[in-house]
Amino acid sequence: MYRLVQEHPTTSVKMVFLEDKNLDMRRCNAPTLCTEVAAIFVDSESKIRTKDGIDKFVSAELPDPCTDLRLFQIVKKCMVHGPCGTININSPCMRDGQCCKSFPKQFKDDTEENVNGYPIYRRRATEPVQVGKYSIDKQMGSPYNPWLLKKFNAHINVEVCASVKSVKYLYKYVYKGHDAASVKIQKEGALDHDEILSFVEVRLAVHLPQQQPIVYQDGQEAQAIERAALRKTTLTSWFELNKNDPSAHNISYSDIPQYYMFDKSTTNWKKRQRGGQNVIGRLPVFSILDTERYYLRMLLLRKSGAISFDDILTVNGLRCIAFQQAC
Ligand SMILES: [Zn+2]
């Protein structure tokens, strides 16, 4: 995996190369697992807007071997699609008896700009040439740039991007970035588990007044309620913390675990000495149909320093009757 950005030495053209193993490289004489996509950006004066401009930079035709024998040989070797269709029905591009890349293309005397975002390149009818055991004509050539082809002697398909549609297609490859993974390498057999380095998730309770969940065994409901009355939840304990500790006032409920630790035995929030940067407070998510808890959660995300449910319900000195109203 790599990314290479090169400035063209003689022009202001910038090229971005990216690997993309999904692209079809079957035509290449030396197939590899992946290929590269380059977006070539040109300044506004150099933009290719006319069909003459397209013909100057991009061709889909087999060149005349008498004029440029080397280019002719490279195009013949690297830029001829297939062969597919009736002469080679087993070509990998064939789907239901048709080439999925729409080859062979139509003969065309003149280039046509911008048809569905791409030009239709000129393919003038000439005598076919022999490529291996097949007789090939201009209907099977992929668009190329002569300079690039002679420089790299490889399959380089070049398209003039003329509309948002094609630009979007290209940007998808250029800007999606490569796959990334976080990997830690450690000595074999060495136990190196550092809890401080791992993220710790703290689940925070979000419940309506006197509606915290209680776990009980059958027949012991009354005792469970008594016990629950003595214990605070992370939420009611947060109210207590805000009553007693002014330094907690600017910290929202969801951020409180970064600075304080919830002691389950005393059900109190205690100031952390270290390690809080790796702690994430998580609030349960409620459906909007569960209206009051849904809006209470929203208020808790925004309001810091609350000392009671009443405090959360009070907006600009007025006590609302519902969390939805307070929102
Ligand atoms: Zn094909």
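What do the buried residues of α8 pack against? The legends below take that up, along with a few other spots in this predicted model.

**View 1. The whole chain at a glance.** The protein's secondary structure adds up to 10 helices and 15 strands. Of its 327 residues, 18% count as buried. Take the contacts between residues at least 6 apart in sequence, and 55% of them turn out to join residues at least 24 apart.

**View 2. Helix α8 and its packing partner.** Here's the reply to the opening question: the buried residues of α8 pack against α10 (323–326). Those buried α8 residues are Tyr-295, Leu-296, Arg-297 and Leu-300. As for length, α8 covers residues 291–302, and at 1.5 Å a residue its 12 residues should span 16 Å; the end C-alpha atoms sit 17 Å apart, which agrees.

**View 3. The largest nonpolar core.** This core has 18 residues, and those with the most contacts inside it are Val-206, Trp-238, Tyr-253, Ile-256, Trp-269 and Leu-296. At least two core residues come from each of α6 (234–244), β11 (260–263) and α8. The top contributor is α6, which gives 4 residues. Zoom in on Trp-238 and, setting aside residues up to four places away in sequence, you'll find it touching Tyr-253, Ile-256 and Trp-269. Another core, of 11 residues, lies apart from this one, with Leu-62, Leu-71, Cys-78 and Ile-136 among its members. In general, nonpolar side chains in soluble globular proteins tend to be buried together.

**View 4. The β11–β12 hairpin.** Strands β11 and β12 (residues 268–271) run antiparallel and are joined by 4 bridges. One pairing to look for is Phe-262 with its bridge partner in β12, Trp-269. The hairpin has 4 residues between the strands, and Thr-267 takes a positive phi near 50°. β11 also has two faces: Tyr-260 and Phe-262 make up the covered one, while Met-261 and Asp-263 make up the uncovered one.

**View 5. Met-261 up close.** Met-261 has its place in strand β11. Is this residue buried or partly exposed? Met-261 has 19 other C-beta atoms within 10 Å, and buried takes 20 or more, so Met-261 is partly exposed. Leaving out neighbours within four places in sequence, Met-261 is in contact with Lys-270 and Arg-272. Gln-273 is 12 residues from Met-261 in sequence, and their C-alpha atoms are 9.4 Å apart in space.

Note on methods:
Residues are numbered from 1 along each chain as its sequence is written. This is a predicted model: local features need pLDDT of at least 70, side-chain atom pairs count only at pLDDT 80 or more; totals for chains, interfaces and linings use all residues. The expected span of a helix is 1.5 Å times one less than its number of residues. A residue is buried if 20 or more other C-beta atoms lie within 10 Å of its own, exposed if 12 or fewer, and partly exposed in between; C-beta atoms are placed from the backbone. Two residues are in contact if their C-beta atoms, placed from the backbone, lie within 7 Å. A nonpolar core is a set of buried Ala, Val, Leu, Ile, Met, Phe, Trp, Tyr and Cys residues joined through C-beta atoms within 7 Å. Two strands pair if DSSP finds at least two bridges between them.
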